[in-house]
Amino acid sequence: MSVVTDSPVHSSNSDDFIAFLDAELGASSPESSPDKEAENEDELESVSRIKRHKIESTEETEGSTSEGIMKQNLETSTKVDVCTHPGSFGSMCIRCGQQLDGKSGVTFGYIHKGLRLHDEEISRLRNTDMKSLLCRKKLYLVLDLDHTLLNSTLLAHLSSEESYLLNQTDSLRDISKGSLFKLDYMHMMTKLRPFVRSFLKEATEMFEMYIYTMGDRPYALEMAKLLDPQGEYFNAKVISRDDGTQKHQKGLDVVLGQESAVLILDDTEHAWVKHKDNLILMERYHFFASSCRQFGFNCKSLAELRNDEDETDGALAKILKVLKQVHCTFFDKHQEDDLINRDVRQVLSSVRSEVLSGCVIVFSRIFHGALPSLRKMAEQMGATCLAEVDPSVTHVVATDVGTEKSRWAVKENKFLVHPRWIEAANYFWEKQPEENFIIKKKQ
């Protein structure tokens, strides 16, 4: 679209701005290039010149006659229409064209370069979009890239046992049929997580989806093209670290969605300090050896093992079931008027609390630093945690079979499981078979 002809600066009402944003979010391609950015800058300058010309022409015409002066005074006295400056392109108000000083508001450069919106306008846009979304029975879903939807590595970081992959990459001419891509221009190889294409296809029926990565913008856009080659899911809704308002943090302040209707899928909890209640924590996808090393794992990667996650029973397939459950619970048996007051964070918490409901847990000799997070994790999933054993205890969580509480569990025929049992339940949102987490005797 042409910002010169379609920009809301040609309207006297900022309500028209929602149409502009819809067009940008819904029709823009995630591709970017220096030529595209230069074109945007030219359009922005054209908008500025046109708006200045309109204002100057009006001032000259009305200021040259007594009729114009009287008309101007009459309008001032009978109509209070002071521009609130809802946002700006560069330094120019999107409504009245006035040159603005200062940097108040939030930048939405991923929607259009130079776009900045003030808090009141952001709130208005979110409210408007929320009503439209709920009518279509949709919520918002913010998706991380690395270790959540895919795994990337520099070609130079491929291990000797992974070199066979260089001869097994898929064609970039038909991206939709591939999952392993060699991006020579980025000196990189990317592996899409199994089930990701089915996941996105089904998720888009329930959610308005954003990508949000701590990678830079060129990387984010290239990954978006691999995941969404036809531009069906994300369009311009691709947010990178360049678009965030805080260093090393992600925030929903740059997402045009009400927090009460947003779910987040990410493998890194500490990236969302202010929005943990919206977060579904993902099990990390470590396809490449460099990814294992990055997180301190001294083990072979999936690529080195010539293995991969299960397509139908892997992490994304399991999380899709959770998303469907949350979506169904949110919209089930509620009239449209009630939906606007609903909060998906409460629904998410309720679904989470059912995972270990009925389990009574005692911890035995767990590393002091790990105990608080394990206890919190278990309690969020509905378990009751006790300090000492009693007949109501169903599980003893330990790393050593020789502790007093571990021996008690064996004697009383209680479940004796490794802490990973709790972690796995947290990742997959379902109680895991205890026999898969038996503690082995130390040699």
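A residue is taken as buried when its relative accessible area is under 20%. By this criterion helix H9 is mostly covered, with 12 of its 17 residues buried. The model described here is predicted.

H9 comprises residues 315-331. Its end C-alpha atoms lie 25 Å apart, which agrees with the 24 Å that 17 residues should span at 1.5 Å a residue. The buried set begins with Ala-315, Leu-316, Ala-317, Lys-318, Ile-319 and Leu-320. It continues with Val-322, Leu-323, Val-326, His-327, Phe-330 and Phe-331. A lysine and a histidine, Lys-318 and His-327, are thus among the buried residues. In an α-helix there are 3.6 residues a turn, so residues three or four places apart point the same way. Phe-330 also takes part in a contact with a charge. The charged end of Arg-342 sits over the ring of Phe-330, 5.6 Å from its centre.

Val-322 links H9 to a distant part of the sequence. This residue lies in H9. Its relative accessible area is 4%, so Val-322 is buried. Beyond its neighbours within four places in sequence, Val-322 is in contact with Ile-280, Phe-428 and Trp-429. Val-322 and Phe-428 are 106 residues apart in sequence. In space, their C-alpha atoms are 8.5 Å apart. Phe-428 belongs to helix H14, residues 420-428, and is one of its buried residues. The others are Trp-421, Ile-422, Ala-424, Ala-425 and Asn-426. Trp-429 follows H14 and has a positive phi, near 60°.

Across the protein chain, the secondary structure comes to 14 helices and 16 strands. Of the 443 residues, 49% are buried. The accessible surface comes to about 22,900 Å², and carbon and sulfur atoms account for 48% of this area. Among contacts with a separation of 6 or more, 66% join residues 24 or more positions apart.

Helix H5 was examined next. H5 spans residues 119-135 and has 17 residues. It reaches 25 Å from its first C-alpha to its last, close to the 24 Å expected at 1.5 Å a residue. Its buried residues are Glu-121, Ile-122, Leu-125, Arg-126, Asp-129, Met-130, Leu-133 and Leu-134. Glu-121, Arg-126 and Asp-129 are included in this buried set. Cys-135 has a relative accessibility of 49% and therefore counts as partly exposed.

Positive phi values occur in loops as well. Most residues other than glycine have a negative phi. Lys-137 has a positive phi of about 55° although it is not a glycine. This residue comes just after H5. It lies in the loop between H5 and strand S5 (139-143). His-248 likewise takes a positive phi, near 60°, and is not a glycine. It lies in the loop between strand S10 (238-239) and strand S11 (262-266). His-248 is exposed, because its relative accessible area is 63%.

Aromatic residues form 7 pairs in the structure. The rings of Tyr-285 and Phe-287 have centres 6.1 Å apart and planes at 35°, so this pair is tilted. The rings of Phe-287 and Phe-288 have centres 5.1 Å apart and planes at 85°, so this pair is edge-to-face. Phe-287 therefore takes part in both pairs. Tyr-285 is buried, with a relative accessible area of 0%. Phe-287 is buried too, at 5%. Phe-288 is also buried. A charge lies at Phe-287 as well: the charged end of Lys-191 sits over its ring, 5.2 Å from the centre. Elsewhere, Phe-108, Tyr-110 and Tyr-210 form one aromatic cluster.

The structure holds 0 disulfides. For Cys-83, the closest cysteine sulfur is that of Cys-93, at 3.6 Å. This distance is too far for a bond, because a disulfide requires sulfur atoms within 2.5 Å. Cys-83 counts as buried, because its relative accessibility is 18%.

Note on methods
Residues numbered from 1 in each chain as written. Predicted model: local features only at pLDDT ≥ 70, side-chain atom pairs only at ≥ 80, totals over all residues. Heavy atoms only, no water. Helix = DSSP H or I, 4+ residues; strand = E, 2+ residues; numbered from the N terminus. Expected span 1.5 Å × (residues − 1). Buried < 20%, exposed > 50% of the residue type's maximum accessible area, 1.4 Å probe, protein only. Contact = heavy atoms within 4.5 Å. Areas by Shrake-Rupley, 256 points an atom, 1.4 Å probe, with all protein chains shown as cover. Phe/Tyr/Trp six-rings, centres within 6.5 Å; stacked < 30°, edge-to-face > 60°. Lys NZ or Arg CZ within 6 Å of the ring centre and 35° of its normal.
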